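User: I'd like a close look at one part of this model, with the overall picture first so I know where I am.

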Amino acid sequence: MLEDDLNNFIKLMSSSKEKKMVMKKVGKNTNEKERILFYATAGTNLNDYAVYDTTYDENGNISNKLRHFYRFPANEIMKEDGYVCLFVDNSNSFATMNGQRIKTFHMNLENETIFNKDLDKVYLIKIAETQKKSVEEDK
């Protein structure tokens, strides 16, 4: 059921006419650094986007256990900026495209890999609205 809901949500998002960020490539670069490369199709604020990966149980079913989630910080990107790179590690790596340095972010996961199984997938989600509330103790 969860996987069906996720797939329907992803279909809805991918059919959206307002799509401004798309994933271009997921994997490792020549230095074996895990990273995700995105392209902005129009000017946008990166804080409207987050990525997470799927994890699977021993039967190959999607699981909520040990998911990695990253929400981009508030950062305006112009159409001419185009590419954005997210590294999994906590290094000071940066990315280039056609000899130009591009916007680079880090998930800051120390000594972790998230693309370590054949079925692993990464999802890009656009956040339309958020709510937050402080945690209160029951009395």
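How much area does the protein chain expose, and what share of it do carbon and sulfur atoms supply? After that, please zoom in on β4: which residues point one way from the strand and which the other way?

Analyst: Quick ground rules: this is a predicted model, where local features need pLDDT of at least 70 and side-chain atom pairs count only at pLDDT 80 or more, while totals for chains, interfaces and linings use all residues. Residues are numbered from 1 along each chain as its sequence is written, and side-chain values use heavy atoms, with hydrogens and water left out.

On your opening question, the protein chain exposes about 9700 Å², and carbon and sulfur atoms supply 46% of that. Those areas come from the Shrake-Rupley method with a 1.4 Å probe, and for residues only the protein chains shown count as cover. Of the 139 residues, 35% count as buried, meaning under 20% relative accessible area; exposed is over 50%, and partly exposed is in between. The chain has 1 helix and 13 strands, taken as DSSP runs numbered from the N terminus (H or I, at least four residues, for helices; E, at least two, for strands).

Now to β4. The strand sits in an open sheet of 3 strands, ordered β7-β4-β13, with antiparallel pairing. Two strands pair here if DSSP finds at least two bridges between them. β4 and β13 share 5 bridges, with Asp-53 partnered by Val-122 and Tyr-52 opposite Tyr-123. On the β7 side there are 3 bridges, and Ala-50 has Arg-71 as its bridge partner. β7 (69-71) and β13 stand at the edges with a single partner strand each, so one side of each has no neighbour in the sheet.

As for which way things point, Tyr-49, Val-51 and Asp-53 go one way from β4, Ala-50 and Tyr-52 go the other, and all are buried. That's 5 of 5 residues in the strand.

Follow Val-51 and you land in the largest nonpolar core, which has 20 residues; Val-51 is listed among those with the most contacts inside it, along with Met-21, Phe-38, Phe-72, Val-84 and Leu-86. Such a core is a set of buried Ala, Val, Leu, Ile, Met, Phe, Trp, Tyr and Cys residues joined through side-chain atoms within 4.5 Å. β4 (49-53) gives two or more residues to this core, as do β2 (34-40), β9 (83-87) and β13 (122-126). Leu-86 is in contact (heavy atoms within 4.5 Å) with Val-51, and its other partners beyond four places in sequence include Phe-38, Tyr-70 and Phe-72.

Tyr-52 has an aromatic story. The structure holds 5 aromatic pairs, where rings of Phe, Tyr and Trp (its six-membered ring) pair if their centres lie within 6.5 Å, with planes under 30 degrees apart called stacked, over 60 edge-to-face and the rest tilted. The ring centres of Tyr-52 and Tyr-123 are 5.1 Å apart with planes at 20°, so this pair is stacked. It links β4 to β13 across 71 residues. Tyr-52 has a relative accessible area of 10% and Tyr-123 one of 11%.

Tyr-70 and Phe-72 make an edge-to-face pair, 5.3 Å centre to centre with 90° between the planes. Both are buried, Tyr-70 at 13% relative accessibility and Phe-72 at 0%. With Phe-38 and Phe-105 they form one aromatic cluster.

Methods
Buried < 20%, exposed > 50% of the residue type's maximum accessible area, 1.4 Å probe, protein only.
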